[in-house]
Each structure stands twice: as structure tokens, then as C-alpha cells.
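Visitor: I should like a close look at the interior of this protein and at the side-chain pairings around it. Please take me through that part in one connected account.

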Amino acid sequence: MKVMKWSVMALAVAAGTSQMAVASQQSESKGFVEDASLDLLLRNTYWNRDYRHNRGPAGVEYDRKTWAQGFIATFESGFTQGTIGVGVDAYGLLGVKLDGGQADMFPGEPKNWEDDLSEAGAAVKFRLSNTTLKYGKQFVALPILATDDSRLLPQAFTGGLITSNEIDGLEINAGHFTADSAMGRADSDSGRLKENNFVGGTYAFTENLSASLYFSDIEDQYEKQYANVNYLMPFSDSQSLSFDFNIYRTDFEDGAVSATDWGGDGNNDKNTIWSLAAKYSVGSHAFILAHQRVSGDTGYAYDYGDGGSAIWVANSYLSDFNSKDERSWQASYELDFTGYGVPGLFWKSAYVYGDNIDTGNGEGTEREFFNQVSYVVQNGAAKDLSFKVRNSTYRSSNNMNQFYIPDTNEWRLFVEYPLSIL
């Protein structure tokens, strides 16, 4: 880990030789109350996951049909004035079951889910110049520690996070986290996290080229490295070609559950997963082609202390196409209806096919057809009210039953309305 930390520090020093430091954010602070905000997100969601042949994960024979209302309140104070600013961030979560239920939304046993779920948390924060230290319960969005907010209420982590933007174009992150509050659970340590230490950052070389590099160590599970390169080639104001490359390298601890769950034998297993996506945008249209590949002793493992969204690769939809030795290809299309006089309306359709999966019982294959339509009201009394309809049709070969999910037809419907209270 020492070598890893020095690598990131070297990157920061190199960037510093060519870039001037940005203006101090702390010197522009207006105060604890003056810069404070209080927001409430109303989220209504309906899930319908139909397991074909009536067989769910681990042989549990039930489909998932859940209708629920969520309330997500977030308070962010400003920083006190002075050399070192002090502030507080807090959140409160409430989920109310309207019908049905499932484990990643509400506590309880199948067919006997609890009727509601609530959670609250807070973090104290300090800022010096353009560097912030935040400690407590918080939401995190980094490739090696990422909050899952894909259902009713978001996942939270407890620990400390340093974010530094002292050099123009460079952001450095370092963290130490010791607890994980999983979705559908109210306690602060319901996840699998014992300790997650990480360091890394992102540097924008130009307006069109950026790169990221991160290293993490999760106790009793794995050490993980992540890298990303993103490049945009603009041809005109309405036409461009972009490339996005992502790669994770995972070294599992001996006996790690994360390794055996994904096809390893728990004996010093290793895994590499990478993806490369090319996106051609012209006017309101975008066409994407992507390839993703997994190699090593296991499939790619995540959500063992690094969060349910710590899989920043191209072919991650209902399935993540991250099984052992898997190769997958994606073709997708996006349409922004702004150019057709309907701002706020967006459609995405994708087809992903994966093969060469080592199931331990021959080669497995899987495929998914994904569609999503979203709309955000642009003005009027209902401004910012949003609607999202997502559908996935997933199929796999018969020897894939021990992997992510069986054959599934899924609908996810979201209605969200953000309110700015302060």
C-alpha cells in the first residue's frame, strides 16, 4: 500500500509542475448558516421482478413485487469563516411499504416484510483551503467505494473521507471507512465491511482527456486497483466521438468469501475486469459499442465492503456481465428529445451478450435487452418532477443458475420530486 500511495503522490507533484493552484474555496465561505441547504427528495417506486419458472436466487421461490414511498432529507451546512472552516452534514431516511416487499428495500423474511424503515446519520466536516475532511455517516461516489442508490433508499458508509482540489484539474481522495449500512437495513453496520482504506484521484489533462487511478484494501476480502481513461473527440458543435476505458484488478485474501462466491477456491485468487466503450454522438442521437472482458481465478466481486455500485464498467445493467472468464459485447442507442421540442425526455436502449463463462459445468452464456425512458418536467408548478421507467429482459443458459440471477423479466418505475426547503 505504501507504493500505491507514493504513486498517487507522484501524480499530484507532476501535475503541480504545470498547473497553478486554484483559488481557495475556504476564503470564499459565507458562513455555517449562510451557505446551508436543506433538501427533501420524495421517491415513489414500484418494482416487478418476474423470475421465469418461479425460481429466485438461492432457490427461493418468489417473485419480487414492491411498491413503496421514500423520503430522503439531506442537510448540508456551510463552513464557518476563518483559516479552517467547520460544518455539519446530515441525512434522514424513511421508507414506507405500500405493497409487497423485498430484502433490499425492507427488513424481514420473505412474505413477511416490515412495513417501514428509517435511518439517520450525520458527519462533521473541516475545510482548509481547497481540502475537505469529512467524518461520520455519509454517501460516497467513487469507483472503489460507491453508494448504491438504485432502489428506495440509498446505502451509507461510516468513516472519514479527504477530498483535495488544491491543483487545478486534479482531485485526490483518501478514505478510511469501518461500517456499511446496506439498503433495506436500518443499523449502521448491516453490510460486510470491516475496514476499507483507499487513496486515489482524477486528473484532467485537457478539457477532453482525463484519467483516474485508485487503490483500496478491504480487510478480509481483497485489495483492488482501478484505472480509467476518458477521451472526447469533438468534430463540431453537434457531433463527437468519445472513448471510455475502465479496469479493475483484484487480489483476494486467502479464504475470502468474495472469491469463493464468484468461482474461486479461496486460495490467493486474482481477477481482472476491463471494458472499452466508444460513443458516437450526432445531434440528438448517440450510438454506443462496448466490449468487456473478465479474466483470472474468479469473477469480479464487489459489494463486500465497497458498495453496491462499485462496478464502473460499460456492461453493467441488470446483469453486470462479470462472471468468471466472461466476454461481453454491447450495442446501445440513446435519444435526447430536446432536439425534437420535448426537453427533459430521454430514451436509452441496449443489448448486451456475454459468453465464454466458466460455470464449473461447461461454458455459460447470458444476454440482456434493456430499455429506459425518463422525463423531467421543465417548468411550472411541477418543475423538476421526474418519471423513469426501466425494463430488462434477461436470459441465460441452463448452467448459469448459480450465478447472479435466473431468467428474469423486470420493471422498475420511479417518480421523484425534489423540494428545496432551505
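Guide: The account below begins with the nonpolar interior and then turns to ring pairs, salt bridges and the surface.

The model is a predicted one, in which local features need pLDDT of at least 70 and side-chain atom pairs count only at pLDDT 80 or more, while totals for chains, interfaces and linings use all residues. Residues are numbered from 1 along each chain as its sequence is written, and side-chain values use heavy atoms, with hydrogens and water left out.

The largest nonpolar core has 28 residues. A nonpolar core here is a set of buried Ala, Val, Leu, Ile, Met, Phe, Trp, Tyr and Cys residues joined through side-chain atoms within 4.5 Å. Buried means under 20% relative accessible area, exposed means over 50%, and partly exposed covers what lies in between (1.4 Å probe, protein chains only). The residues with the most contacts inside this core are Leu142, Ile144, Leu145, Phe177, Phe198 and Tyr248. At least two core residues come from each of strands S9 (145-146), S10 (156-167), S13 (209-218), S14 (222-236) and S15 (239-252). Strands (E, at least two residues) are DSSP runs numbered from the N terminus, as are helices (H or I, at least four).

Phe198 illustrates how this core is assembled. Leaving aside neighbours within four places in sequence, Phe198 is in contact (heavy atoms within 4.5 Å) with Leu142, Ile144, Leu145, Leu161, Asn173, Ala174, Gly175, Phe177, Phe215 and Ser216. A second, separate core has 14 residues, among them Leu41, Leu93, Ala156 and Phe414.

The aromatic side chains deserve separate attention. Rings of Phe, Tyr and Trp (its six-membered ring) pair if their centres lie within 6.5 Å; planes under 30 degrees apart count as stacked, over 60 as edge-to-face, and the rest as tilted. The count by this rule is 12 aromatic pairs. One of them joins Phe157 to Phe177 edge-to-face, at 6.3 Å centre to centre and with 80° between the planes. Phe157 belongs to strand S10 and Phe177 to strand S11 (residues 170-181), so that the pair links distant parts of the chain, 20 residues apart. Both Phe157 and Phe177 are buried. Tyr222 and Phe252 also form an edge-to-face pair, at 5.6 Å centre to centre and with 90° between the planes. Tyr222 is in strand S14 and Phe252 in strand S15, 30 residues apart. Tyr222 is buried, with a relative accessible area of 0%, and Phe252 counts as buried at 4% relative accessibility. Ring pairs also link Tyr226, Tyr248, Tyr300 and Tyr302 into a cluster.

Charged side chains form a further set of pairings. Side chains of opposite charge can pair when their charged atoms come close. A salt bridge is taken as a side-chain nitrogen of Lys or Arg within 4 Å of a carboxyl oxygen of Asp or Glu, and the count by this rule is 18. In one of these, Lys194 and Asp220 meet at 2.5 Å, N to O. Lys194 lies in the loop between S11 and strand S12 (196-204) and Asp220 in the loop between S13 and S14, so the pair ties together parts that are 26 residues apart in sequence. Lys194 counts as partly exposed at 48% relative accessibility, and Asp220 counts as partly exposed at 37%.

Asp358 forms a salt bridge with Lys324, and their closest N and O atoms are 3.4 Å apart. Because Asp358 lies in strand S19 (residues 345-358) and Lys324 in the loop between strand S17 (285-296) and strand S18 (327-336), the pair ties together parts that are 34 residues apart in sequence. Asp358 is partly exposed at 30% relative accessibility, whereas Lys324 is buried at 15%. Strand S19 also holds Asp355, which is 28 residues from Arg327 in strand S18; these two form a salt bridge with closest N and O atoms 3.3 Å apart. Asp355 is buried, with a relative accessible area of 13%, and Arg327 counts as partly exposed at 26%. Arg43, Asp149 and Glu416 are linked in a network of salt bridges.

Finally, the surface carries a nonpolar patch of about 530 Å², made by Tyr46, Trp67, Leu98, Val389, Trp411 and Leu413. Patches are made of residues with over 30% relative accessible area and no salt bridge; like charges are joined within 9 Å, and nonpolar side chains (Val, Leu, Ile, Met, Phe, Trp, Tyr) within 5 Å. Accessible areas come from the Shrake-Rupley method with a 1.4 Å probe, and for residues only the protein chains shown count as cover. Leu413 of this patch lies in strand S22 (residues 408-420) and is partly exposed, with a relative accessible area of 35%.
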